[in-house]
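Here are a few exercises to work through with the structure open in your viewer. Try each task before you read its solution.

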Amino acid sequence: MAFDDVKTDNFKVVGQRVKRPDGIDKVTGKAKFGADVVAPGMLFAAIIRSPHAHARIVKIDTTKAAALKGVKGFVTRADFATGLKGGNLDILENVMAGEKALYDGHAVAAVAATSALIARDAAKLVEVEYEILPHVTDVDKAMLADAPVIREGAADKSVPEGMHPNVVRYHESGHGDVEAGFAAADLVVEDSFLTEATHQGYIEPHACLAQLGKDNKGELWCCTQGHWNVQKLCAEMLGMETSQLRVTASEIGGGFGGKTAVFIEPVALALARKTNRPVKLVMSRSEVFRATGPTSSTSMDVKIGMTKDGIITAGEGTFRLQGGAFPGAPMEFTAMCAFAPYNLENVKQVGYDVLANRPKQAAYRAPGSPMAAFAVESVIDELCKKLDLDPIEVRLKNASKQGTKASFGPTWDRIGLVETLEAAQTHPHYSAPLKEGQGRGVSCGFWFNHGGETSVTLALSEDGTAQLSVGTPDIGGSRASMAQMAAEELGIPYDSVRATVADTATLGYNEVSHGSRVTYASGLATIKAARAAVKILCARAAAKWGIDEDAVVWEDGCAKPSGPNAGDFDPLPIEKLTRSMGRTGGPIVGHFEATPEGAGVSFATHIVDAEVDKETGQTKIVRYTVVQDAGKAINPTYVEGQFQGGAAQGIGWALNEEYIYGEDGRLQNAVFLDYRIPVASDLPMIDTVIVEVPNPGHPYGVRGVGETSICPPLAAIANAVSSAAGVRLKQLPMSPPRILAALDKQANG
Amino acid sequence: MIHVSTKINGDDVEFLCDPRETLLDTLRDKLGLTGSKEGCGTGDCGACSVTMDGRLVCSCLVLGAEAEGKEIETVEGIADGENLHLLQEKFIEHAALQCGVCTPGILVATKSLLEKHPDPTETQVRYWLAGNLCRCTGYDKIIRAVMETAADLREAS
């Protein structure tokens with residue numbers, strides 16, 4: 001996308017560390033999250049879930065539960081739309097099981113009652129008869145010939161013949177001749193890696209409040225990363241017209257990709273329709289773990305050849321991902337991201353999407369990419385160690401840059417990988433001495449970033465202030481950056497713009513807040529909407545002065561004649577133009593709708609020091625530095641926050657977090673005590689370096705920053721831990737038992 | 001139903017509650033004090049942190065009935081009317097919150113820390129807040145906001 005007016009310097013508001021507009025509400029407890037609203041006559045709902053990993057549902061008997069005082073109604077699959085196909089059918093199957101329960105925690109029925117306690121009591125009284133079926137939860141076992149078939153006919157045409165029916169999609173990409181490349185190498189390293197499923201771990205469980213009448217007109221309040229998507233999907237699931245459901249996004253207590261799907265929202269709507277009462281449905285933490293999107297678990301093989309002076313001659317990777325009982329594991333992203341940082345003549349990557357009796361995977365911050373980096377960057381690290389080469393030097397020698405043909409096809413535009421590597425190389429962290437028992441690891445990471453359908457409206461008020469309506473839920477301070485961009489264009493103070501996340505009735509379709517797209521796409525649309533409003537302001541000034549519209553410019557919040565030839569008029573400030581707008585042509589509103597496609601890919605380099613206690617297997621992260629290309633940081637403080645947050649989640653993934661399944665196929669650690677996300681005492685300060693290599697696809701050069709920050713940590717930490725422990729760690733998380741087992745294996749063969 | 005008389009953020013409050021109802025449910029569903037959040041319901045995340053007679057507790061692990069005769073302080077009571085507590089100011093200034101759902105619990109816990117330990121080390125702050133999960137920030141900016149608040153409060157006193 002080309003821009004008529006690209007701005008790269010002389011920013012007044014952009015780049016400032018402004019305070020977020022929702023700050024006071026959030027430090028005083030006033031902010032309304034998913035579970036924080038009520039409606040008159042509201043009922044509370046609870047969901048009945050399968051305790052079995054794989055079972056046929058023989059009978060659901062609600063007789064005893066219905067007899068409980070205060071119980072108002074039940075829904076099962078029979079209360080949802082029929083005739084859905086493809087992805088929508090999968091989503092409905094996941095929201096409410098049909099003939100089979102496909103994982104421990106799969107919803108099979110729901111109840112609404114006059115209190116949350118009664119609803120929970122009633123749920124326990126619902127009798128479900130199951131015929132238990134054989135199950136499989138491990139990705140490699142699910143591909144074996146004797147594995148139980150989870151869903152017949154789920155595979156698409158991409159899958160090669162002869163694969164198990166649990167393999168449902170296949171991806172292959174690359175270029176050159178990898179065999180010739182390996183033959184040209186001085187050293188080839190090949191290894192296999194495993195990662196366990198992790199959860200996004202947002203602190204706010206899913207919550208919603210639904211109203212839906214028999215006339216199929218409804219209202220829904222929910223915590224989501226994308227309410228237009230919720231509107232569309234719920235309408236499908238309920239068999240109603242999309243436009244008849246108005247969805248409002250609450251404040252959202254974390255998402256990280258996990259709130260891009262629907263889980264409880266269609267259920268609450270179905271109960272509301274059945275009982276003719278508003279219904280509130282809030283998940284418990286264990287429901288969040290058992291039934292909402294964890295990541296895929298993976299099994300990966302990577303082979304890389306290198307010359308003795310550090311040139312990669314070929315790279316090959318096979319990535320097997322299970323994504324639960326439904327197609328959709330992001331194996332193509334894993335494959336495509338794996339070698340993306342490097343300029344390779346010969347590269348091949350293969351991906352398998354495999355079904356298992358686990359919850360349907362959902363996106364988690366750069367879905368699929370962190371695992372790929374773990375495997376590839378571990379092998380590169382091993383090559384550097386064996387060839388006695390500096391890991392950053394090697395990465396610089398092979399780094400992708402503008403004009404490089406990427407491992408998965410496209411040719412890169414302006415990118416900032418080299419700049420992140422150089423900044424990492426000169427950062428004091430990289431040359432700081434290590435203590436006994438410590439190791440240092442580095443890794444690069446890549447994420448695509450995304451544009452997507454976007455609609456923004458900016459309405460000027462009579463006093464010259466602006467109401468900015470965006471449709472992308474604010475998951476990390478985006479209302480601040482949107483207001484900054486609008487203020488920059490309008491030439492008014494930051495505080496004079498009120499940015500709101502509007503409901504589905506207010507704007508055109510907005511894709512969910514994912515793909516690191518918000519500051520890029522909603523930001524671009526905000527700038528364009530503001531420029532549209534400025535154009536009208538200039539036209540009003542031109543009419544007042546009786547000169548051509550083209551002879552008016554907008555500077556510092558005022559209309560001015562473009563030069564001496566345009567005429568001699570005093571500047572007209574915005575508030576003078578807006579006060580009279582009712583008499584000069586009506587309300588002044590700028591809007592912009594598009595599907596921008598110039599998101600601009602993003603790279604990062606991380607440096608981490610880890611200390612391993614060889615007695616206990618315990619790892620401590622002692623120093624961490626994130627270097628990432630932000631294109632242009634609209635609000636540097638919040639950019640740093642994204643860098644730090646991604647690193648911290650990566651530390652959890654690398655060291656502690658995992659889904660643990662028993663032989664019975666049940667999730668054994670569905671509480672925060674047992675699924676251990678990093679706590680304050682686990683982490684050091686996380687240093688950040690913002691690199692700014694402008695994205696040619698955004699008027700200010702913005703690249704999304706949210707996701708790339710979680711791509712390097714798994715690998716960087718694995719490299720640091722492997723260095724400190726003196727043994728290569730090939731399985732995540734690197735929990736104390738795994739580190740002890742690796743040390744033991746090394747000592748005893 | 002049990003009749004309970006208590007004091008919340010300085011106000012006398014009476015309510016009826018089910019014997020199984022948690023203090024968190026009472027605060028949120030009966031009294032409209034939705035600032036305290038339920039992140040886990042098992043005392044692991046700290047988003048529901050309140051103080052009861054000055055002691056920091058997870059309100060999801062306390063029964064509503066246990067509030068009888070006690071003094072409860074929640075996030076809604078930290079600011080003095082229109083005026084934010086310095087800690088709240090510092091959290092906004094340092095961007096010590098992203099989504100903000102853990103923030104009420106972290107503010108209540110931190111206020112409690114600073115009342116007991118006005119000059120905490122970074123390690124003390126990290127261990128005191130180890131019961132308050134934040135998934136967005138990586139804690140860096142939270143720790144900085146707390147340390148700076150502590151320093152400023154010491155200087156002011």
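**Exercise 1: An unusual peptide bond**

Start with P733(A), which sits in the loop between β27 (731–732) and α20 (736–748) of chain A. Keep in mind that the whole model is predicted. Find out which residue is joined to P733(A) by a cis peptide bond.

Solution. Step one: check omega on the bond between L732(A) and P733(A), which comes out at about -5°. Step two: read that as a cis peptide bond. It's worth a look, since most peptide bonds are trans.

**Exercise 2: Two positive phi values**

Take N10(A) and A95(B), and work out for each whether the residue is buried or exposed.

Solution. Step one: place N10(A), which belongs to the segment before α1 (23–28) of chain A. Its phi is near 55°, a positive value, and the residue isn't glycine. Step two: count neighbours. N10(A) has 7 other C-beta atoms within 10 Å, and exposed means 12 or fewer, so N10(A) is exposed.

Step three: move to A95(B), found in the loop between α2 (86–93) and α3 (103–116) of chain B. A95(B) isn't a glycine either, yet has a positive phi of about 55°. Step four: count again. A95(B) has 27 other C-beta atoms within 10 Å, and the cut-off for buried is 20 or more, so A95(B) is buried. As background, most residues other than glycine have a negative phi.

**Exercise 3: Where the chains touch**

Describe the side of chain A that touches chain B, and say which element gives the largest share of that side.

Solution. Step one: get the contact totals, which are 42 residues of chain A against 43 residues of chain B. Step two: look for elements of chain A that supply at least two residues each; α1 and α18 (636–655) both do. Step three: pick out the largest share, which is the 7 residues from α18(A). Step four: sort the chain A side by class, giving 21 nonpolar, 14 polar and 7 charged residues.

**Exercise 4: Two helix pairs**

Classify the packing of α2(B) with α5 (140–156) of chain B, then do the α7 (227–238) and α8 (265–275) pair of chain A.

Solution. Step one: for α2(B) and α5(B), the angle is about 140° and the axes are 9 Å apart. Roughly antiparallel would need an angle over 145 degrees, so α2(B) is oblique to α5(B). The crossing is right-handed. On the α2(B) side, the residues are L86(B), L87(B), K90(B) and F91(B), and they meet A145(B), E148(B), T149(B), D152(B) and L153(B) of α5(B). That contact has 5 nonpolar, 1 polar and 3 charged residues.

Step two: for α7(A) and α8(A), the angle is about 50°, with axes 9 Å apart. These helices are therefore oblique to each other, and their crossing is right-handed. Here V230(A), C234(A), M237(A) and L238(A) of α7(A) meet E265(A), P266(A), L269(A) and A270(A) of α8(A). By class, you get 7 nonpolar, no polar and 1 charged residues.

**Exercise 5: Chain B as a whole**

What radius of gyration does chain B have, set against a compact globule with 157 residues?

Solution. Step one: list the elements, 5 helices and 5 strands, in the order β-β-α-β-β-β-α-α-α-α from the N terminus. Step two: a compact globule with 157 residues would come out near 15 Å, and chain B has 15 Å, so the two agree. Step three: add the box for the C-alpha atoms, roughly 45 × 30 × 25 Å along the principal axes. Step four: note that 57% of the 157 residues count as buried.

Terms used:
Residues are numbered from 1 along each chain as its sequence is written. Chains are lettered from A and ligands numbered from 1 in the order in which they are written. This is a predicted model: local features need pLDDT of at least 70, side-chain atom pairs count only at pLDDT 80 or more; totals for chains, interfaces and linings use all residues. Helices (H or I, at least four residues) and strands (E, at least two) are DSSP runs, numbered from the N terminus. Two residues are in contact if their C-beta atoms, placed from the backbone, lie within 7 Å. Ala, Val, Leu, Ile, Met, Phe, Trp, Tyr, Cys and Pro count as nonpolar, Asp, Glu, Lys and Arg as charged, and the others, Gly among them, as polar. Axes are lines fitted to C-alpha atoms, for helices over the stretch in contact, and angles run from 0 to 180 degrees between N-to-C directions. Angles under 35 degrees count as roughly parallel, over 145 as roughly antiparallel, 65 to 115 as roughly perpendicular and the rest as oblique. A crossing is left-handed if the near helix is turned anticlockwise from the far one by less than a right angle, and right-handed if clockwise. The radius of gyration is taken over C-alpha atoms; the globule rule is 2.2 Å times the number of residues to the power 0.38.
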